[in-house]
Amino acid sequence: MVMVGGCASVLAGARARLSLLRRGVLPSSAAARVRVLGRTQPRFLATTQERGGDRVALVTGGSQGIGRATVDKFLEEGWHVVNVDTDNTVFSELKDKASRNNRRIVNIHADVADDGVASDAVSRTVNEFGQLDCLVNNAGILPVDTVRPAHEYSLENWHRILHVNLHSAFYFSRAALRVMVDQHEKTGNPGGVIVNIGSVHGLQTAHGVSAYAASKGAILSLTRQLALDYGKYGIRVLAVNPGTILTPSVRRILAAYDETEEDAGANYPLQQRAGKPSEVASVVHFLATDGASFMTGSHVEVDGGITIVGSWE
Ligand SMILES: NC(=O)c1ccc[n+]([C@@H]2O[C@H](COP(=O)([O-])OP(=O)(O)OC[C@H]3O[C@@H](n4cnc5c(N)ncnc54)[C@H](O)[C@@H]3O)[C@@H](O)[C@H]2O)c1
């Protein structure tokens, strides 16, 4: 009897710890202790709302620019992060940043346009952290030497831009949704959030960027489609459309056109300035949190008001 009572109290304690864990009160190491007791527990132990400091974001193109600011923001807000980027020069810097914040980061050196990378990255995320709460499809390119009218456009550039900006978002979303649906089915709780980085080019455009504009328009359609199909799993899918943000790629474009940062922001209603990567990252982070729990399928312009003017040329 004592034995049975002892087991019962151990199990009751485990249930209590699980409940605390679900409310984000206990850290994930407590999850491991709960599992050791051998009870059948869901593989994904808590909801987006309840995971607290143990939430996990996968960011594509997180080494520079908007992606980097997003990685920084998530780490600062207590998330673990997986970064997939072709640029590995800052991986050790990112590791240091994560450990300063008492968080972990997994850096994956890979091209998001390669269709095998997404499922590998999502598997590594789940193996490392046991869950995936937010996918940020950020990696995108607008090589300055591709800007030209459509009849002069090379098919190589067309395919490359579509692969990096659009297809990768589908590859990563597809892999992430498998995990997020599973998370929902095992707990009954919201499965996760996908934030796609679009552009104001998805709504209006400039001369000579047919592939980029097409990719960003399609990102908004994909966002709506996934939001519609996966809402029943509590999975939210959103897009953020930045205006001109001062990142390495934009600085390259400015240099090519012999323009300054001031020129880049001159037509912007808000303070006649271009934006900072951190000003996009803070919105991405917000959308990933429960503050945005009734938002899905929509896009948020982080554009200093340029869309209301109608053109930035
Ligand atoms: N900066 C802007 O003004 C602006 C405006 C609207 C939309 N956006 C969008 O924001 C996103 C980020 O842009 P940014 O300005 O920060 O770019 P950036 O070039 O400054 O940084 C992009 C990051 O993605 C990585 N990357 C690029 N191609 C990759 C690939 N194939 N595989 C893996 N990693 C890859 C780069 O190495 C880099 O770390 C893009 O989707 C872009 O279209 C940017």
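This tour moves through a predicted model, from the whole fold to the central sheet, the ligand and three loop residues.

**The whole chain**

Begin with the entire protein in cartoon view, where eleven helices and seven strands can be located. Of its 313 residues, 44% are buried. Long-range contacts are well represented: among contacts between residues at least 6 apart in sequence, 73% join residues at least 24 apart.

**The sheet**

Select the seven strands next. They form an open sheet in the order 3-2-1-4-5-6-7, with parallel pairing. Strand 3 (105-109) and strand 7 (299-302) stand at the edges; each has a single partner strand, so one side of each lacks a neighbour in the sheet. From one strand to the next, the twist averages 15°.

**Strand 1**

Restrict the selection to strand 1, residues 56-60. Five of its five residues are buried. Show the side chains: V56, L58 and T60 point one way, while A57 and V59 point the other way, and all are buried. In a regular strand, side chains alternate in this manner between the two faces of the sheet.

Now add the partners of strand 1. Strand 2 (80-85) runs parallel to strand 1 and is joined to it by five bridges; within that pairing, T60 has V84 as its bridge partner. Follow the chain from strand 1 through helix 3 to strand 2 to trace a right-handed β-α-β crossover. Strand 4 (134-137) also runs parallel to strand 1, through three bridges, and V136 of strand 4 stands opposite V59.

**The edge at strand 7**

Select strand 6 (residues 236-242) together with strand 7. The two pair in the parallel sense over four bridges. P242 is found opposite V302 in strand 7.

**Helices across the sheet**

Display helix 5 (residues 115-129), which lies across strand 1, strand 2 and strand 3 and runs at about 160° to strand 2. Then display helix 7 (residues 210-230), which lies across strand 5 (193-197), strand 6 and strand 7 and runs at about 160° to strand 6.

**The ligand**

Centre the view on the ligand. Which residues are the closest to it? They are G61, G65, G140, T247 and S249, within a surrounding set of 27 residues. Colour this shell by residue class: twelve are nonpolar, twelve polar and three charged. Helix 3 (65-76), strand 2 and helix 8 (248-256) each supply at least two residues of the shell. Helix 3 and strand 2 have already appeared on this tour, in the crossover from strand 1.

**Three loop residues**

Select E152, in the loop between strand 4 and helix 6 (155-187). Is E152 buried or exposed? E152 is exposed, because 7 other C-beta atoms lie within 10 Å. Add G208 to the selection: E152 and G208 are 56 residues apart in sequence, yet their C-alpha atoms are 9.5 Å apart in space.

Continue to D258, in the loop between helix 8 and helix 9 (261-265). D258 is not a glycine, although its phi is positive, at about 55°. With 7 C-beta neighbours inside 10 Å, D258 counts as exposed.

Finish at Q271, in the loop between helix 9 and helix 10 (277-288). Q271 is likewise a residue other than glycine with a positive phi, near 60°. Q271 has 10 C-beta neighbours inside 10 Å and therefore counts as exposed.

Technical notes
Residues numbered from 1 in each chain as written. Predicted model: local features only at pLDDT ≥ 70, side-chain atom pairs only at ≥ 80, totals over all residues. Near = placed C-beta within 6 Å. Nonpolar A, V, L, I, M, F, W, Y, C, P; charged D, E, K, R; others polar. Buried ≥ 20, exposed ≤ 12 C-beta atoms within 10 Å, placed from the backbone. Contact = placed C-beta atoms within 7 Å. Pairing = 2+ DSSP bridges. Axes fitted to C-alpha atoms, helices over the stretch in contact; angles between N-to-C directions. Right-handed = clockwise from strand over helix to strand, strands pointing away.
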